[in-house]
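Reader: Please take a close look at a single part of this model for me, and then work outward from that part to whatever else can be described with care. I would like the terms spelled out along the way.

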Amino acid sequence: MNAPVRVGVGVLIAALALAQLVPVERENPAVEAEVPTTPEARALLVRACFDCHSNQVVWPWYSRVAPVSWLVAKDVREGRDELNYSTWSRYDAKKQRKLLKETLKEVDEGEMPLWIYLLGHPEARISTADRALIELWVAERLAALDAGP
């Protein structure tokens, strides 16, 4: 290895080492109130959605290694901002309807779970049976919201 390559590799290693010092928030706030589900729907949501859309994230080992940790934390933060199943009661009925319909739409269109998440979590893939379960769950929740308190 020639000198410029050794210097470049050394700089890269030093930069990666220094990147580990940048703090990354990996918190799981308390669960306030979960979205009402059947046990089957809950198991599916936990498997495919909760790692970005709840306060019950299972932080994998790579969420502690920069720069990947920054991306994981960003995805979780953005996911919780869009929809957080652990703070479901904060949403009024109109917002809950909207979130349920968006969930169904994004799953039907293959937008959720994100492809990058599926690389490390193949068990989160949504099958045809899973889609049917989500459709049923959304329909039941929408009917319950329409029925009122």
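Author: P67 is found in the loop between α3 and α4, where helices are DSSP runs of H or I with at least four residues, strands are runs of E with at least two, and both are numbered from the N terminus. In this predicted model, local features need pLDDT of at least 70 and side-chain atom pairs count only at pLDDT 80 or more, while totals for chains, interfaces and linings use all residues. Residues are numbered from 1 along each chain as its sequence is written, and side-chain values use heavy atoms, with hydrogens and water left out.

The bond that leads into P67 is a cis peptide bond from A66, with omega about 5 degrees. A cis peptide bond also joins M112 and P113, where omega is about -10 degrees, and P113 lies in the loop between α5 and α6.

M112 leads on to the largest pocket, since M112 is one of the residues that lie nearest its centre, together with H53, G79, E82 and E106, in a lining of 21 residues. A pocket is here an open set of points on a 1 Å grid where a 1.4 Å probe fits, with protein on both sides within 12 Å along at least five of seven lines, and lining residues have an atom within 4 Å of a point. The volume of this largest pocket is about 420 Å³, counted as the space filled by probe spheres set on the points. Two or more lining residues come from each of α3 (50–53), α4 (68–82) and α5 (93–108), and α5 gives the most, with five residues. By class, the lining holds twelve nonpolar, three polar and six charged residues, where Ala, Val, Leu, Ile, Met, Phe, Trp, Tyr, Cys and Pro are nonpolar, Asp, Glu, Lys and Arg charged, and the others, Gly among them, polar.

The second largest pocket holds about 320 Å³ of space, and of the 16 residues that line it, Y62, V72, D75, I116 and Y117 lie nearest its centre. Here the elements that give two or more residues to the lining are α3, α4 and α6 (115–120), with α4 supplying the largest share, six residues. The lining of this second largest pocket divides into twelve nonpolar, one polar and three charged residues.

From α5 one can continue to helix α7 (residues 128–147), which packs with α5 at an angle of about 165 degrees, their axes 10 Å apart. The two helices are therefore roughly antiparallel; angles under 35 degrees count as roughly parallel, over 145 as roughly antiparallel, 65 to 115 as roughly perpendicular, and the rest as oblique. Axes are fitted to C-alpha atoms over the stretch in contact, and angles run from 0 to 180 degrees between N-to-C directions. The contact (heavy atoms within 4.5 Å) is made by A93, Q96, R97, L100, K101, L104, V107 and D108 of α5 and by R131, I134, E135, W137, V138, R141, L142, L145 and D146 of α7. In this contact of α5 with α7, nine residues are nonpolar, one is polar and seven are charged.

Helix α2 (residues 39–48) also packs with α7, at an angle of about 120 degrees and with the axes 10 Å apart, which means that α2 is oblique to α7. On the α2 side the contact is made by E40, A41, L44, L45 and R47, and on the α7 side by D130, L133, I134 and W137. This contact of α2 with α7 has six nonpolar, no polar and three charged residues.
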